[in-house]
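Here are some short exercises to work through with the model open beside you. Try each task before you read its solution.

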Amino acid sequence: MLEKADQIFLLLRDWLVGYLPPGWRAAAGAVLGVIGIVAVFPGLFAIAVLMERKGLGRMQNRLGPNRVGPFGILQPIADAIKSLTKEDIVPTNADAVVHFLAPVFLVVVAFMGFAVLPVGRNMVLVNMDAGLLFYFAMGASTEVSIFMAGWSSRNKYSLLGAMRAVAQMISYEVPLLLSSVVIVMMTGSLSLVKIVEAQNQYTWGLPHWYIFTPWGCAAFIMYAVAATAETNRSPFDLPEGESELVAGYFTEYSGFKFALFFLGEYLGMLSISGLGTTLFLGGWSAPLAVLNWVPSWIWFFSKIMLSISVLIWVRGTLPRLRQDQLMNFAWKFVLPMTLLNLMVAALWRFMGDGWARWVVCSAILLLVYVGAGRIGMRREHFGPRTYRYAE
Amino acid sequence: MSFVFWLLSAITVAGGLAAVLLKNLVHCALALTVVFTGLALLFLQLDAQFAGFAQILVYVGAVAILVVFAILLTRSSETPKDGGVFSRTWMAGLVIAAAVFAVLGWAVLQSEAGLPHETAVPNVTVQEIGNALMGRYVLPLEIVALLLTAAMIGAVIVAMHEKGDAK
């Protein structure tokens, strides 16, 4: 019974496909998988938007949406209808074709990333040998669509916003890749399915997730920082600082095209949380051996929503970085730390089993992080706050 | 030669022609991105996963953006007002592209004689490429890495403010 619950979506697919002639079954199964992804993740997008608006409301001591439905839970549906019926304004000077293609391309690429994420036991659309590489290739393509949006609008603020966003995304893509390389080194495979299987083991009822090792924890922190920047979330949300910087690359978008950018951004958040879950938090495996009876996909989606909640919490808590601070942080702190982590992971690999490697690797990482923090803070002076104004 | 091959080839060739013939430079750069993607899909169709994804990651994700930034930072990217989609010098562009293609094709055809003739289709997985890069070809890899690092340091020094010039 419980095993059936675990595999319920696969059984459902096989049952539906069974009505077709045998020659069509493989193709129909793939189409059903795509339909599943295209249906489920926008659903999660609606839940995430509601969570964000209600959660931020709580943090900012206000109610948040509370008019549509009980406690405002139907707000996403109202928003969707609004953006579908709004007038779509294209600026006269805009490059109409590129202006139209940019949001479409962004959403398509954002959906592609989900194809290689294992959302449950045996539940992956394409079990690719180079799944992680595919994911990053798709992630890198979003930059082109952001540039297309900013350039085609024929608006200085849009173009500057696009340049800002692309520079930030390229800078943070490097540490994002390097922090994931550690996982590949340890697993010996680029396949996300194999990475999850390597973590789905238990010692004394506790899981072998990569976050519970010194190098995995350090890589996870760096991955989280880079992922937040890659999805343009606060405190790295300079590409769309709506109150100070005239939004950004989507300034000239309205109606449903703007909704597509919004959808693309949240899909990016969901998929990068999914990748982080797969790489560091054991994917669909249960957090305790005794909880293994719960269907695997429940664990995957709970972990994703937990990551989203942390992102919302961070957005409600931390102030925004300045552009130069953002770049310095990427190249002078995050990148060296991921490189160091690669060395530590190699050391771990060649020290063999035993407790010695735990002590040595943790000591190196702690020493460097604490040292960097101490040296960085020495130059800071904490006194009364002073204000500087632009000249 | 399957239907998919012809479709991908058509997209790639159309993108290449657009990159050569269009008037607006940014449109040309975007068409070049289409060519890169088409090539990557052709690699994937030949079962070369690593080459295909690396092509998208490096060329679509980085080189295309670099090209576009170079266009925007060096000369005006504003559309010429005098109408028309195609560049006025489309003939010259086509001739240069055809000449480059001819030289490359000639070089490829010449090199075929020098290579050992393989009959079986090699089955190259990502893991084998990794092992080869870290084992047999580790020296060339490190030399390339050193060269790229030197190039990057050079670029940073060129772009850096002179002392005293800084605000």
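**Exercise 1. Work out how helices α12(A) and α13(A) are oriented to each other.**

Solution. The two helices turn out to be roughly antiparallel. To see why, start with the angle: α12 (residues 323-351) and α13 (residues 356-378) of chain A pack at about 170°, and their axes are 9 Å apart. Angles run from 0 to 180 degrees between N-to-C directions, with axes being lines fitted to C-alpha atoms, for helices over the stretch in contact. Next, apply the classes: under 35 degrees is roughly parallel, over 145 roughly antiparallel, 65 to 115 roughly perpendicular, and the rest oblique. Helices (H or I, at least four residues) are DSSP runs numbered from the N terminus.

A note on the source: this is a predicted model, where local features need pLDDT of at least 70 and side-chain atom pairs count only at pLDDT 80 or more, while totals for chains, interfaces and linings use all residues. Residues are numbered from 1 along each chain as its sequence is written, and chains are lettered from A and ligands numbered from 1 in the order in which they are written.

**Exercise 2. Find which residues of α12(A) and α13(A) meet, and sort them by class.**

Solution. Take residues as in contact if their C-beta atoms, placed from the backbone, lie within 7 Å. From α12(A), the list includes Leu340(A), Val344(A) and Trp348(A). On the α13(A) side, Arg357(A), Val360(A) and Ile364(A) are among them. Now sort: the contact has 11 nonpolar, no polar and one charged residues. Here Ala, Val, Leu, Ile, Met, Phe, Trp, Tyr, Cys and Pro count as nonpolar, Asp, Glu, Lys and Arg as charged, and the others, Gly among them, as polar.

**Exercise 3. Describe the side of chain A that touches chain B.**

Solution. Begin with the count: 18 residues of chain A are in contact with 16 residues of chain B. Then look at the elements, where α6 and α7 (156-187) of chain A each give two or more residues. The largest share, 11 residues, comes from α6(A). By class, this side of chain A has 15 nonpolar, one polar and two charged residues.

**Exercise 4. Is Asn232(A) buried or exposed?**

Solution. First locate Asn232(A), in the loop between α9 (214-230) and α10 (255-280) of chain A. Its phi is positive, about 55°, although it is not a glycine. Then count: 23 other C-beta atoms lie within 10 Å, so Asn232(A) is buried (20 or more; exposed is 12 or fewer, partly exposed in between; C-beta atoms are placed from the backbone).

Definitions and conventions
Two residues are in contact if their C-beta atoms, placed from the backbone, lie within 7 Å.
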